[in-house]
Amino acid sequence: MIRLLFVLAVLIIGFIWAPQVLESATGSCDAYEQKTVAQETGGSDLGSSILKTLSGGSLAEQAMADKHPNLPTLVACSLEYWKATLGVK
């Protein structure tokens, strides 16, 4: 039982922490913003750097608070990041 809980904890931590590591971002919401901008601009570094300078994840935090009011923004941003990465609508 303890092994199962340990594995579950590692998976949850990876789910939340991996987006910021994969995108070299300061947090999950920042990583989600970077992923979204990269997909919308076709990977343009200019668009990504402009948004990163202006927002730093605050736009995604507000959007996730509106979209998923019952989830903490950290979890909501991670969820939307993985949905965008995997192409799930």
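In this predicted model, the secondary structure of the protein chain comes to five helices and zero strands. Read along the sequence, the pattern is α-α-α-α-α. The chain has 89 residues, and 31% of them count as buried. Contacts between residues at least 6 apart in sequence were also examined; 54% of these join residues at least 24 apart.

One link across the sequence involves helix H1, which spans residues 2-22. Ile12 lies in this helix. Along the chain, Ile12 and Val75 are 63 residues apart, yet their C-alpha atoms are separated by 9.7 Å. Ile12 has a relative accessible area of 46%, so this residue is partly exposed.

The loop between H1 and H2 contains Ser24. The phi angle of Ser24 is near 50°, a positive value in a residue other than glycine. Ser24 counts as exposed because its relative accessibility is 57%, and the cut-off for exposed is over 50%.

A second serine, Ser28, is found in helix H2. Its relative accessibility is 1%, and therefore Ser28 counts as buried; the cut-off here is under 20%. Neighbours within four places in sequence were set aside. Ser28 is then in contact with Ile16, Gln20, Leu74, Cys77 and Ser78. Two of these partners, Cys77 and Ser78, are themselves among the buried residues of H5.

Helix H5 was examined next. H5 has 14 residues. From its first C-alpha to its last, H5 reaches 20 Å, close to the 20 Å expected at 1.5 Å a residue. The buried residues of this helix are Ala76, Cys77, Ser78, Glu80, Tyr81 and Ala84. What covers them includes H1, H2 and helix H4, the last of which spans residues 58-67. After H5 comes Gly87, whose phi is positive, near 75°.

Aromatic rings were then considered. A pair of such rings is described by the distance of the centres and the angle of the planes. The structure holds one aromatic pair. Tyr81 and Trp82 form this pair, with 5.3 Å from centre to centre and 85° between the planes. The arrangement is edge-to-face because the angle is over 60 degrees. The two partners fall into separate accessibility classes. Tyr81 has a relative accessibility of 1%, so Tyr81 counts as buried. Trp82 has 22% and therefore counts as partly exposed.

The search for empty space followed. Rolling a probe the size of a water molecule over the atoms shows where such space is left. The largest pocket has a volume of about 230 Å³. Two elements give two or more residues to its lining: helix H2 (28-41) and helix H5 (73-86). H2 gives the most, with four residues. The lining consists of Tyr32, Thr36, Gln39, Glu40, Lys67, Glu80, Lys83, Ala84, Gly87, Val88 and Lys89. By type, these residues divide into three nonpolar, three polar and five charged.

Several lining residues also appear in the description of H5. Glu80 and Ala84 line the largest pocket and are among the buried residues of H5. Gly87, the residue with positive phi that follows H5, is also one of the lining residues.

Key: Residues are numbered from 1 along each chain as its sequence is written. This is a predicted model: local features need pLDDT of at least 70, side-chain atom pairs count only at pLDDT 80 or more; totals for chains, interfaces and linings use all residues. Side-chain values use heavy atoms; hydrogens and water are left out. On a 1 Å grid over the protein atoms alone, a cavity is a set of points where a 1.4 Å probe fits but cannot get out, and a pocket is an open set with protein on both sides within 12 Å along at least five of seven lines; lining residues have an atom within 4 Å of a point. Grid points are joined across faces, edges and corners, and a volume is the space filled by probe spheres set on the points. Ala, Val, Leu, Ile, Met, Phe, Trp, Tyr, Cys and Pro count as nonpolar, Asp, Glu, Lys and Arg as charged, and the others, Gly among them, as polar. The expected span of a helix is 1.5 Å times one less than its number of residues. Buried means under 20% relative accessible area, exposed over 50%, partly exposed in between (1.4 Å probe, protein chains only). Contact means heavy atoms within 4.5 Å. Rings of Phe, Tyr and Trp (its six-membered ring) pair if their centres lie within 6.5 Å; planes under 30 degrees apart count as stacked, over 60 as edge-to-face and the rest as tilted.
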